Amino acid sequence: EASPTSAADIPIQHTDCFIDGQWLPAASGKTFATINPATEQEIAQVAEGDAADIDLAAKAARRAFDSGDWPKMDARDRGRLMYQLADRIEAEIDSLAALETLDNGKPIRESRNVDVPLVIDVLRYYAGYADKIHGSTIPIRGNYFCYTRREPVGVAGQIIPWNFPMLMTAWKWGPALAAGCTIVMKPAEQTPLTCLRMAQLAKEVGFPDGVINVVPGFGPTAGAAVVKHPLIDKVAFTGEHRTAQVITRDSADTLKRLTFELGGKSPNVVYADADLDAAAQGAYMGLYLNQGQCCCAGSRLFVESSVHEEFMEKLTKLTNRRKLGDPFADDTEQGPQVDQNQFDKIMSYIDKGRQEGAECVSGGQRFGDRGYFVEPTIFDSVTDEMAIAQDEIFGPVLSVLKFDGSDEIIERANRTFYGLAAAIWTQDVRKAHEFAARVRAGTVWVNCYDVFDAAAPFGGFKMSGYGRELGEEGLKAYTESKTVTVAL
Ligand code: ADP
């Protein structure tokens, strides 16, 4: 099979709801358009699921959890199915990457060489966990035998955003399936296509009906129905903190277990003693990766005053030669933003940056006249209280601030209501470890940025969320602990 090289070559196979192993139109009959962000043209009409479809999916997932083949299956066989899903995805890597690029706009070289390989890696990592989930035996007072069991939490509701559609699906499915949960997933309305394709591949490798259900639709309808449904035990959500606040309220009646992975305004700190070439590369990649649409983007770049000029020269040189354009071209490094809303929001922050007196030293304009492209943009002379230093922009807009000395920088790095990630570039191990200990963030990178691994937990402090994904902690979030005490 030849790899698709343009949007026109990509077949759209699945646009309905995937419920109980069947492809079904929305009960209401409604559909919505998913748009190619590089051309602003409609790709396909997709079923617009709402509460009625979520209800069917929740009942199917409940049934699959409580009876049938899934709870009877040995954990090791569950793991094997997950390996088979990973293998199927690997066999279709080119077409899945193309579908991701079509729906999301990310460059094909990233979807093909980063996103889908990470999807496969996460599924294999958690597949290996399926038969290694166990409790402990506990010596208690008296003549008893006491032990704990780690059981699946039940039906997991999963709501994901559009920035890494397949990878977020894998981050959610991996631990849930390994733990023995069943799933009701609501993909983002901007990017439903790859998640639906993954559901079909799961069906083909033999996941029992009802274990994985995918209902495309909008947040306040389909998403809210997941959060409120009494047959769903847990909600794992990735998106904006404001949405998480709504979810917290909506889930109160059913007291769902919640895990949230939310936004950020992550500090990336460059000391004068750092390897400045590596730091410039890290600052560049840490912000512009995925069109700046990363919750952990290093969007507050602090540079020690004494090297500011030298560092900015390196950084602007990298930024000015970034290649924007057709995401299906092999050499494209930056594609369009995901939709008109995001494009408008980013452009309004660029205006705000100028109005507040920051100095735009790179980019600052729309790129081209078709598609939601924004030039990679750098604002220098940014100060802590400016909106572009405080708000998550979720686009290719970097704010550069100067600092002098360690005490000041740790306090300023923490002066944000987010706490997702932070990075420091220095040759001085003492400074690095002090920063790592004192910064209020769930992930700290030292002399690197955006290093992810399926085994390393990821998540936020403060308004960046709670709970962790990936690693053993991510798995535990899909389990309940049960204590069993036996009189001897
Ligand atoms: P983003 O700005 O990345 O789109 P959102 O938090 O708005 O962030 O969206 C992330 C996901 O949450 C999407 O799948 C969206 O449909 C869903 N969502 C939005 N509003 C709600 C809601 N009220 N209840 C449940 N899910 C929602």
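# Why these terms apply in this model

Tutor: Let's start with two helices: the axes of helix 5 (residues 108-127) and helix 6 (residues 165-179) cross at roughly 5° and come within 9 Å of each other. The model is predicted, so local features need pLDDT of at least 70, side-chain atom pairs count only at pLDDT 80 or more, and totals for chains, interfaces and linings use all residues. Numbering starts from 1 along each chain, following the sequence as written. Helices (DSSP H or I, at least four residues) and strands (E, at least two) are numbered from the N terminus.

Student: Why are helix 5 and helix 6 called roughly parallel to each other?

Tutor: The angle is taken between N-to-C directions, from 0 to 180 degrees, with axes fitted to C-alpha atoms, for helices over the stretch in contact. An angle counts as roughly parallel under 35 degrees, roughly antiparallel over 145, roughly perpendicular from 65 to 115, and oblique otherwise. Roughly 5° falls under the first limit, so helix 5 and helix 6 are roughly parallel.

Student: Which residues make the contact of helix 5 and helix 6?

Tutor: Among them are Leu-118, Val-119 and Val-122 of helix 5, and Leu-167, Ala-170 and Trp-171 of helix 6. Being in contact is a matter of C-beta atoms, placed from the backbone, lying within 7 Å. By class, this contact has 15 nonpolar, one polar and one charged residues. Here Ala, Val, Leu, Ile, Met, Phe, Trp, Tyr, Cys and Pro are nonpolar, Asp, Glu, Lys and Arg are charged, and the others, including Gly, are polar.

Student: What makes helix 8 and helix 9 oblique to each other?

Tutor: Helix 8 (residues 219-228) packs against helix 9 (residues 241-250) at about 45°, with the axes 9 Å apart. That angle is in none of the three named ranges, so the pair is oblique. The crossing is right-handed, the term for a near helix turned clockwise from the far one by less than a right angle (anticlockwise would be left-handed). Gly-219, Ala-224, Val-227 and Lys-228 of helix 8 meet Thr-243, Ile-247 and Asp-250 of helix 9. This contact has three nonpolar, two polar and two charged residues.

Student: How do you know that strand 3 and strand 4 pair?

Tutor: Pairing needs at least two bridges found by DSSP between two strands. Strand 3 and strand 4 have six, in the antiparallel sense; in one of them, Thr-34 is partnered by Ala-44 in strand 4. The hairpin has four residues between the strands, and Glu-40 there takes a positive phi near 65°.

Student: What makes that phi worth a remark?

Tutor: Most residues other than glycine have a negative phi. Glu-40 is not a glycine, yet its phi is positive. Asp-450 is another such case, with a phi of about 55°, in the loop between strand 18 (443-446) and strand 19 (465-466).

Student: Does Glu-40 count as buried, exposed or partly exposed, and why?

Tutor: The test counts other C-beta atoms within 10 Å of a residue's own: 20 or more is buried, 12 or fewer is exposed, and in between is partly exposed. Glu-40 has 14, so it counts as partly exposed. Asp-450 has 19, so the label is partly exposed there too.

Student: Why is Phe-379 called buried?

Tutor: Phe-379 has 28 such neighbours, which meets the buried cut-off. Phe-379 lies in strand 15 and, leaving out residues up to four places away in sequence, touches residues including Cys-360, Ile-388 and Val-400. Gly-263, in the loop between strand 11 (257-261) and strand 12, is buried because 24 other C-beta atoms lie in range. With the same sequence neighbours left out, Gly-263 touches residues including His-241, Cys-295 and Tyr-418.

Student: What makes strand 14 and strand 18 edge strands?

Tutor: The open sheet has seven strands in the order 14-15-16-13-12-17-18, with mixed pairing. Strand 14 (359-362) and strand 18 each pair on one side only. From one strand to the next the twist averages 25°. Within the sheet, strand 12 (residues 267-270) and strand 13 (residues 300-304) pair in the parallel sense over four bridges, with Val-269 opposite Phe-302 as bridge partners. Helix 12 (residues 340-355) packs on the sheet, touching strand 14, strand 15 (377-380) and strand 16 (397-403). Helix 15 (residues 429-438) also packs on the sheet, and its direction makes about 170° with that of strand 18.

Terms used:
Contact = placed C-beta atoms within 7 Å.
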